[in-house]
Amino acid sequence: MQEMPSKTEKTKTICCYHCGESCDDELLKRDERSFCCTGCLTVYEVLNENNLCDYYDIEAAPGTNQKKQIVRENQFDYLDDVDVFNRLIDFKDEEQVHVTFYLPMIHCASCIWLLENLYKLNPAITYARVDFIKKKVQIKYQRKETNLKSVVSLLSNIGYEPSINLSDIEEKISKKYNKKLIYQLAVAGFCFGNMMFFSLPEYFSEAELLGTGFKNLFNYLNILLALPVVFYSATDYFRSAWIAIKNRSVNMDVPIALGIISLFTYSLFEIFISGQEGYLDTLGGLLFFLLIGKYYQQKTFDTLSFDRDYKSYFPIAITKMVKDLEEVIPLIKLNVGDIIKVRNEELVPADSLLLVPEASIDYSFVTGEEIPVPVKKGDLVYAGGRQKGAAITLAVQKSPSQGYLTDLWNHETFSKSEQEDSLASLSNRISGKFTFTVLFIAFGALIYWSFNDFSMGIKAFTSVLIITCPCALAMSTPFTLGNVMRIFGKGGFYLKNTQVIEKLAKIDTLVFDKTGTLTAPSKATVSYHGESLTDESKGMIKALVNFSNHPLSKRINQWLDKVKPVVLENVEEISGKGLTAKYKSKTISMGSALFLGLGDESKVVNKGNEVHLVIDGMHWGVFSIASGVREGIEKMIPDLTETYDVELLSGDNNHEEKYLKEVLGSKVAMHFQQSPKSKLSHIRAIQEQGKHVLMVGDGLNDAGALKAGEVGIAVTDNISHFSPASDAVLDGEKLNLLPQYLNFAKTGRRIIKASFGLSFTYNAVGIFFAVQGLVSPVLCAVLMPASSISVVLFTTIATNYKAYRMGLNENEMIKWK
């Protein structure tokens, strides 16, 4: 029999053997090792019993804190539902099941090691592989020996509870990766390499040594290799050009398609009629390099989700009350009239009536206001609200798909197509004039020479089309924008597509959300004004706020840090208002001025949220809790106001306006008490003035405004987990680099224009000689890829050099001075 772990008083800083955090509240001992909570101890015991303690040898403190990892017995009952099971799994047969989970707790080598050794904890698990970048694990298990619920319970018990939400089981179109492009590139590369091999004797003028038979054989082999290049690898260019012509427009694919057709046709003419070698190797090289550029452009950050809807944030299951018994059911089976239980920190899944006397609902997920709202029995609680405090029961009034939250999400702004607000690429905007100019010159040369020498006319016509084939022009844009996206990505700024770069370059107005975007709860500052606090009074305050989960109570608790709490009696919390308790013969109360009967004294500080302290009926003082801004914001915003119009939209009231003016500057236009629809309307009003708006927000309450702006940037501290619908996702720690990102977007446009100039210079020089018949198609075919390579080198070197100068190089993020 093992002895129960003992709780000892902490005399020095002792860290938990499992998670590495300090054992502030309690210290548990087992095998001469210390643990901060029973959760961490339980995980250690599970690993120890299965001889998996090598887990701790890989990292000094590999685990995560288990204080909140309490797994209820019925928590995963919904996984026994056949519909949920079938929608979650990847594959099943009579013997085994394959399933993939997102595990946000994965953070180090120990996590990978443990998860890939799950079979030692459950022999029915036959396979487990971790994708560390995506924080996902693929698991295969024997269907007859275990089930999905047991696998998820095991993961949760060792500290890796999967993140499963409503969107995971919704019917949806899976993301299709463009494998066709890879196949086209492979075909073009294979054919190009072999065509170059067969054409080597021609390049070194040794073809006559082969004899006529071998020479013709190599030419015919080149034709066979050219067929899949033209009729497979080039099909997307033909299709795009045909669609453009049908719509009476011209894009960059039109001259490319004409160049491919003319090169292929003229090569056949040369081989079969003139008895020459043709230029099919050049055709293969042209397609190969073009497809490389296309692949580079499309290879973006596929692991990020830029278009999440409300279902991505809702739990997959809910606790339903049936005759006073709890039943965990899938959320998709929740009906109007059902009685549900919502526990502390859980989201309310549907508009419902409160059945208990009172509740404290945090609507920050929907409105941005971080202070919980008190709700009375019979009041309507909206979907998306988060319960704070004890569990509550609710009567469902609307299905999850018909509540306030989905009305917000289904606003017309969210359904607008990308094409409506996207700018045409720079290359497409000039392709029409370029194409018509090239065709005019080519046909002019053909007509001119035809009167004297038709063969010279064909030669000049083909040479013009080949040497001016706009592959350099077409490749400069994707290579430049792709390189810009790569540099942004290395700096924690992930763009949805390259069009966002163009949009960023045209922005003239910036609109910021406040809570969670410019401000961060972890940066909040607490100051006290009033009578001096003795050690005893600090202990009383510490003990009182310990009883509350209110955000303001938590911040005061952190501010008091290592103060030892006293033992209070008759502690009572009035949700959303305040706290009161007895200590010896004293009565201590904390809360809002209105709750404590202080009237106008709520304005004594006017620098953030205020929590007043009353002891034995006397107003002792007030705690002022000001939202702390993210690092570097106090410099970034004033810098931006020199170039852009800057506005702030917040769902909070204006209690921090004076403080924010001091930090952000007086040039920032501030608007408070903004609902999600108000934010959206405000963006629309700005745009009606002809301005181009960049919206920067963080939560679902900002999603409408993010979608309405020309560019919407979602700021998050966990880029792979949370992002409302947006054009870009920005790591919260990199928000202070936004001016550099905006400047670099403009630099990218300038580099593209410079590359266009370089390309036009090549084309102008080439056309000058081609129309005179002074260069052969062979020389044109050599010059064409050379010009393309030089343009690509120029754009790559220029973007990297500019990024280095601006402090956006991939090795280190240095503030641009």
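Helices here are DSSP runs of H or I with at least four residues, numbered from the N terminus; one of them, α15, spans residues 471–490 and holds Met-485. Keep in mind that this is a predicted model. The chain runs to 817 residues, and 52% of them are buried. Its secondary structure adds up to 24 helices and 28 strands. If you take contacts between residues at least 6 apart in sequence, 67% of them join residues at least 24 apart.

**Nonpolar cores**

- The largest nonpolar core has 53 residues, and the members that touch the most others are Tyr-78, Phe-101, Leu-118, Ile-139, Leu-148 and Tyr-160.
- Quite a list of elements feeds this core with at least two residues each: the helices α1 (38–49), α2 (55–58), α3 (82–88), α4 (109–115) and α5 (148–157), plus the strands β4 (96–102), β5 (125–131) and β6 (136–142).
- Another core of 49 residues lies apart from that one, and its members include Ile-487, Phe-672, Ala-728 and Leu-730.
- As general background, nonpolar side chains tend to be buried together in soluble globular proteins.
- Back in the largest core, Phe-101 is worth a click: leaving out residues up to four places away in sequence, Phe-101 touches Lys-135, Lys-136, Val-137, Ile-139, Leu-148, Val-151, Val-152, Leu-155, Pro-162 and Ile-164.

**Helix α5 and its surroundings**

- Seven of the 10 residues of α5 are buried, so the helix is largely enclosed by the rest of the structure.
- Those buried residues are Leu-148, Val-151, Val-152, Ser-153, Leu-154, Leu-155 and Ser-156.
- The cover over them includes α3, β4, α4, β5 and β6.
- At the N-terminal end of α5, Asn-147 acts as the cap, with a side-chain oxygen 3.3 Å from the backbone nitrogen of Lys-149.
- Just after α5 comes Gly-159, with a positive phi of about 95 degrees.

**Asn-117, a polar residue in a loop**

- Look for Asn-117 in the loop between α4 and β5.
- Asn-117 has a relative accessible area of 10%, so it counts as buried, the cut-off being under 20%.
- A polar atom of the Asn-117 side chain sits 2.6 Å from the backbone oxygen of Trp-113.

**Aromatic pairs**

- Across the whole structure, a search turns up 17 aromatic pairs.
- One of them is Phe-192 with Phe-288, a stacked pair at 5.9 Å centre to centre and 25 degrees between the planes.
- That pair ties together distant parts of the chain, with Phe-192 in helix α6 (residues 179–203) and Phe-288 in helix α10 (residues 280–298), 96 residues apart.
- Phe-192 counts as buried because its relative accessibility is 17%, under the 20% cut-off.
- Phe-488 and Phe-493 pair up too, but tilted: 5.1 Å centre to centre, with 55 degrees between the planes.
- Both of these residues, Phe-488 and Phe-493, are buried.
- There's also a cluster, in which ring pairs link Tyr-17, Phe-35, Tyr-44, Tyr-55 and Tyr-56.

**Charges over rings**

- Tyr-17 from that cluster has Arg-33 over its face, 4.7 Å from the ring centre.
- Lys-140 puts its charged end over the ring of Tyr-127, 4.4 Å from the centre.

**Met-485 in α15**

- With a relative accessibility of 5%, Met-485 counts as buried.
- Met-485 and Ala-745 are 260 residues apart along the chain, and their C-alpha atoms are separated by 9.5 Å.

**Strands around β7**

- β7 (residues 317–322) and β8 (residues 325–330) run antiparallel, joined by six bridges.
- The hairpin they form has two residues between the strands, and Lys-323 there takes a positive phi near 55 degrees.
- β7 also pairs with β9 (residues 339–342), again in the antiparallel sense, over two bridges.
- Thr-319 is a handy reference point for both pairings: opposite Thr-319 stand Val-328 in β8 and Lys-341 in β9.
- In a regular strand, as a general rule, side chains alternate between the two faces of the sheet.

Conventions. Residues are numbered from 1 along each chain as its sequence is written. This is a predicted model: local features need pLDDT of at least 70, side-chain atom pairs count only at pLDDT 80 or more; totals for chains, interfaces and linings use all residues. Side-chain values use heavy atoms; hydrogens and water are left out. Rings of Phe, Tyr and Trp (its six-membered ring) pair if their centres lie within 6.5 Å; planes under 30 degrees apart count as stacked, over 60 as edge-to-face and the rest as tilted. Buried means under 20% relative accessible area, exposed over 50%, partly exposed in between (1.4 Å probe, protein chains only). A charge sits over a ring if NZ of Lys or CZ of Arg is within 6 Å of the ring centre and within 35 degrees of the ring normal. A nonpolar core is a set of buried Ala, Val, Leu, Ile, Met, Phe, Trp, Tyr and Cys residues joined through side-chain atoms within 4.5 Å. Contact means heavy atoms within 4.5 Å. A polar contact is a pair of N or O atoms within 3.5 Å; within protein, one must be able to donate a hydrogen and the other to accept it, and residues adjacent in sequence count only if both atoms are side-chain atoms. Two strands pair if DSSP finds at least two bridges between them.
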